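User: I would like to learn how to read a few features of a protein model. Could you walk me through them?

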Amino acid sequence: MASSVPFTGLFINGQQRPASDNGSYEVRNPYTREVVGHAAAATQKDCRDAVEAAATAFKTWENSPLHLRRDIFLKASDLLATDKWKKRATEALQEEVAATDFMVIFNFVLSNNGLRVDAGAIDQLKGETFPSIVPGGQVTTVRRAMGVIYAISPWNVPLALTIRACAVPIVCGNTVVLKTSESSPRSQTLVAELLHEAGLPSGVLNIISTRRVDSPPRSAEIIAHPAVRKINFTGSSVVAKSLATEAAKWLKPCVFELGGKAPVVVLEDADIDRAARAITSSALMNSGQICMSTERVIVMRKVAPALIQALKTHFQKLKAGGPGLPLSALFTEASAQRFMGLLDDAVAKGAKLLLGDKAREGSVVQPHILTDVTSDMRIWNEESFAPNIIVHSVDTIDEAVEYANKSDYSLMAAVWTKDVYSAYETAGRIHSGTVNINGPTVHTEMGTAGNGVGSLRGLGGDSGYGHFGVEDFTYIRVLSLHPKDDTQYPLVG
């Protein structure tokens, strides 16, 4: 393809190739709207080829030595730290998703930790032995891979979340067909190239890209394929419902990690300046386009004025725009328009705008702070994926907990207080996968092997179900050894 911008092909059975009909689409930078790449648009045949390559590879990969799987991921981590791979990944991230310098580093840190920590998941691929209910018999349980996993990974942290989508399934002995976001095919396909260079056999990880309009039919075709045993997805609840509907037709299980509406509860004895800095960081990092982003701040009325002033001070220092600024443009102009709609709805219903101008320049919006937001407003319930927070004042801890839980289950939350007893009592009542005590909501523990990049987990509601761990990508297989001595059987003796 004659073009001055890179072309990203499909990665199937260890090879990059164009779509079978040579179809492709443009990839544009979200800030400049310039074309920064072309990507292959997978056809039905391409998707079938990817699944069949994975199914063939599974026959040997499921029986591969555990140390081999571990060593491939450790080598991939070493490679990602080299200048060659840093340069390739940085260019892709900056061009495809307008990643700021910090978000480039964020991708690398999470990716390297994910590769190394999840390599340790092999230690969980163990079973147990115990006596049978039949005297003289023995029972052994073993963890075995499921087969081909269909994974869909998003654009907002493309390197790290692609690794999360495939690392634990592959370490467990599964093979993977992964569909990229249409916005970040180059950044995500780099993961397949990286693992292939590290020694991953052909067919174990296959990556496809599609036009947005083609994504639903391609996904339906892949899910329907008999070799596909499970689906994992990170993204919006709207898409998840469509995928779950397709999976239900074939009784195939799913692992979903979807949107959050992370609450932060600030009690009267909190360190206000530190809380304000943590809230600002988690609310504005990547312009609020992280599933863990702080969106709702619930503060005791006595300290609300001090917290609001501190938040305004920090928010006003951070500007969004192009290269060199701390905050990036939003994902698309449509994302910015949707955020403006959330603000308009809230203000029309009585919310007060403490900071921000309800304006956008293309896909760029500046930080906003709102108060007097009620639960009937869209911005209270819908994930904004934009640089903003809601501040809501309360009089009691019970009321704070009530408002923290007045949304679908959240992925992350935080509680700020100097009283350790109050911290644990309050945190324990908040419906969230993780509650950070005196810390930001954008925080994952990276020391738990087998849970994907860190230990990020969904928890009901809009945060999905299941998590990216060993138990969700293996079967427990029971081997029952019957007694050596002859025995009597019903009906025949």
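Analyst: Happy to; we will take burial, a helix, a sheet and a surface patch in turn. This is a predicted model, so local features need pLDDT of at least 70 and side-chain atom pairs count only at pLDDT 80 or more, while totals for chains, interfaces and linings use all residues. Residues are numbered from 1 along each chain as its sequence is written, and side-chain values use heavy atoms, with hydrogens and water left out.

User: Where does UniProt place the feature "active site", and is E257 buried or exposed?

Analyst: Burial is read from relative accessible area: buried means under 20%, exposed over 50%, and partly exposed in between (1.4 Å probe, protein chains only). The unreviewed UniProt entry puts "active site" at E257; such annotations may be inferred rather than shown by experiment. E257 lies in strand β12 (residues 254–257), and it counts as buried because its relative accessibility is 1%. Helices (H or I, at least four residues) and strands (E, at least two) are DSSP runs, numbered from the N terminus.

User: Which residues of helix α7 are buried?

Analyst: A general idea helps here: an α-helix has 3.6 residues a turn, so residues three or four places apart point the same way. In α7 (residues 215–224), the buried residues are S215, R218, S219, A220, I222 and I223. Their cover, judged by contact (heavy atoms within 4.5 Å), includes α1 (44–61), β8 (148–152), β9 (175–179), β10 (205–208), β11 (228–234) and α8 (237–249).

User: In what order do the strands of the open sheet run?

Analyst: Two strands pair if DSSP finds at least two bridges between them. Here three strands make an open sheet in the order β1-β5-β4, with mixed pairing. Its edge strands, β1 (7–8) and β4 (24–28), each pair on one side only. β1 and β5 (residues 35–40) run parallel and are joined by two bridges; T8 has A39 in β5 as its bridge partner.

User: Which residues form the nonpolar patch on the surface?

Analyst: Patches take residues with over 30% relative accessible area and no salt bridge; like charges are joined within 9 Å, and nonpolar side chains (Val, Leu, Ile, Met, Phe, Trp, Tyr) within 5 Å. A salt bridge is a side-chain nitrogen of Lys or Arg within 4 Å of a carboxyl oxygen of Asp or Glu. The patch consists of V420, Y421, Y424 and I437, with about 500 Å² of accessible area together (Shrake-Rupley method, 1.4 Å probe, only the protein chains shown counting as cover for residues). Helix α14 (residues 420–427) gives the most, three residues. I437 sits in strand β21 (residues 432–437) and is partly exposed, because its relative accessible area is 33%.
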